[in-house]
Amino acid sequence: MNFLQTALAFAVCLGSLIIFHELGHYLVARWCGVKVLRFSVGMGKVVWSRRFGRDQTEWAVSALPLGGYVKMLDAREGDLDDLPAEDLKREFTRQNVWKRIAIVAAGPLANFLLAIVLYAGLYLHGVEEPTSKISVRTTEAATATASNAPPSAAWSAGLRSGDVVTAVNEQPVAVWSELRWNLMQAAIDKTEARIAVERVGQGRFSFVLPAAVLAAQDLDGDVPGKLGLGVARPAPLVLEAIAGGPAARAGLQKGDLLLSVDGVPVADGIAFIEIIGSAAGKTVQVAVRRAGQQLVLAMVPKAEQAKTGKGTVTVGKIGAYIALQPDMITVPSSPVAAVGKAVARVWDTSAMSVKMIGKMITGEVSLKNVTGPITIADYAGQTARMGAASYLSFIAFISISLGVMNLLPIPVLDGGHLLYYSLEVLTGRSVPERFGEIAQRLGIGLLLTLMLLAVFNDVARLL
């Protein structure tokens, strides 16, 4: 079932982005008077097609689903001697350079526009998110104790569990996603993060995560988690002990407050689950508070197989539901504010993507951050299962990434063609055909290399 849901979520995500991108090219080409011969979703052999409109444009679905194209009347792709003069005027290369720039740029711009529309809709409706109230791990390792691991960066900076973050580097923060975003930006820019917080009953404080600490973070994964930060969760209260499970047999009851496991204090349900998960088949002593009294219950977590990003692993489970839901907040925006926030979000995401690409080229960021269709499909499935808001936000993010990628100055991509036309504007002459052919081959080679790297990284993550 999960596989089918993931496949469907991936198909809807990729298909909609391809269609929207190519519609940008198509609509601007028609607006500029260029004749469009084919609009294809997918590459390679056409498997289905129909013709519509005055120009009898062929609308097609092709065999390879990873891409699409708009085929225009183009002198570089065939002999046009038999065409009537009226059609020759509508040939792509005979248009002035500014029209060609507009047609080529329309695809990536359509992706940015789609992202703005999706984000604006989400901001207008209001998205329920965890607040910026944090939990702080005392040590670097999630399951380590203070005696065998150095303190986490967040703990060393002075942050404590229960703090509510109000700003990062003077940028207001209200929800967890904004906190994570600002920390990611600081890590990419290798600058310090000045974190303003409100501490219940004590007032307002400001703490600093040093630039050296953020610069050392591997951007592939959970940056806040690596710094020792997490979403604040409620006290580890037992919501239900499943009849017949290890917890129920040991005497655990609904309403019990979990205090520690084998003497190790548990701050919240996540910490308790992590400790139990690593104790499959072992007897553990669980201290609880019940009706004002402290009890110690001995139980043996049952060994079960679970799938993770590192493959199938053995984890311990006791058959109990623990309170995990963090404080949530929904903040709808006015139409004007929603559009403004959406534009800012698209701009910031695009800028971050460009920075990441630049740092990968210079070697400052690992190439393992290049992801391919397998990882995208996995995230598409995960966000679809989380709800419509998460899924639409994911589509918007991928739409921005597609727009940025297509603007890279690589021949065969839109950015490569824009580079040619920019040179034509500067020099007054078009790029020599022979140069274009050589650049095209190099571009295809570079693109294939990037695709192979992305697939390799995807497979490596699975393994």
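Let's start with one definition: a residue is buried when its relative accessible area is under 20%, exposed when it is over 50%, and partly exposed in between, using a 1.4 Å probe and protein chains only. The model here is predicted, so local features need pLDDT of at least 70 and side-chain atom pairs count only at pLDDT 80 or more, while totals for chains, interfaces and linings use all residues. Residues are numbered from 1 along each chain as its sequence is written, and side-chain values use heavy atoms, with hydrogens and water left out.

**Exercise 1. Get an overview of the protein chain.**

Step 1: Look at the secondary structure. The chain has 14 helices and 18 strands; these are DSSP runs numbered from the N terminus, with helices (H or I) of at least four residues and strands (E) of at least two.

Step 2: Check the dimensions. Along its principal axes, the C-alpha trace spans about 95 × 45 × 40 Å.

Step 3: Ask how much is buried. Of the 463 residues, 40% are buried.

Step 4: Turn to contacts, meaning heavy atoms within 4.5 Å. Take those between residues at least 6 apart in sequence: 63% of them join residues at least 24 apart.

**Exercise 2. Describe the surroundings of Ser161.**

Step 1: Find the residue. Ser161 sits in the loop between helix H4 (153-157) and strand S5 (164-168).

Step 2: Classify it. Ser161 counts as partly exposed because its relative accessible area is 47%.

Step 3: List its partners. Leaving aside neighbours within four places in sequence, Ser161 is in contact with Ile134, Ser135 and Val136.

Step 4: Zoom in on one partner. A polar atom of the Ser161 side chain lies 2.8 Å from the backbone nitrogen of Val136.

Step 5: Try a longer distance. Ala63 is 98 residues from Ser161 along the chain, and their C-alpha atoms are separated by 53 Å.

**Exercise 3. Compare that with Ser260: is this serine buried or exposed?**

Step 1: Place it. Ser260 belongs to strand S11, residues 257-261.

Step 2: Classify it. Ser260 counts as buried because its relative accessibility is 14%.

Step 3: List what it touches. Not counting residues up to four places away in sequence, Ser260 touches Pro265, Val266, Gln285, Val286 and Ala287.

**Exercise 4. Work out what Gln56 and Glu170 have to show.**

Step 1: Look at the backbone angles. Phi of Gln56 is near 55°, a positive value in a residue other than glycine. Glu170 also isn't glycine, and its phi is positive too, near 70°.

Step 2: Locate both. Gln56 is in the loop between strand S1 (36-52) and strand S2 (57-72), and Glu170 is in the loop between S5 and strand S6 (171-172).

Step 3: Classify both. Gln56 is partly exposed because its relative accessible area is 41%. Glu170 counts as exposed because its value is 67%.

**Exercise 5. Inspect helix H9 and its N-terminal end.**

Step 1: Pick out the buried residues. In H9 (residues 269-277), Gly269, Phe272, Ile275, Ile276 and Gly277 are buried.

Step 2: Find the cap. Asp268 caps the N-terminal end of H9, with a side-chain oxygen 3.1 Å from the backbone nitrogen of Ile270.

**Exercise 6. Look for disulfides and check two cysteines.**

Step 1: Count the disulfides, defined as pairs of cysteine sulfur atoms within 2.5 Å. The structure holds zero.

Step 2: Check accessibility. Cys13 counts as buried because its relative accessibility is 2%, and Cys32 counts as buried because its value is 7%.

Technical notes. A polar contact is a pair of N or O atoms within 3.5 Å; within protein, one must be able to donate a hydrogen and the other to accept it, and residues adjacent in sequence count only if both atoms are side-chain atoms.
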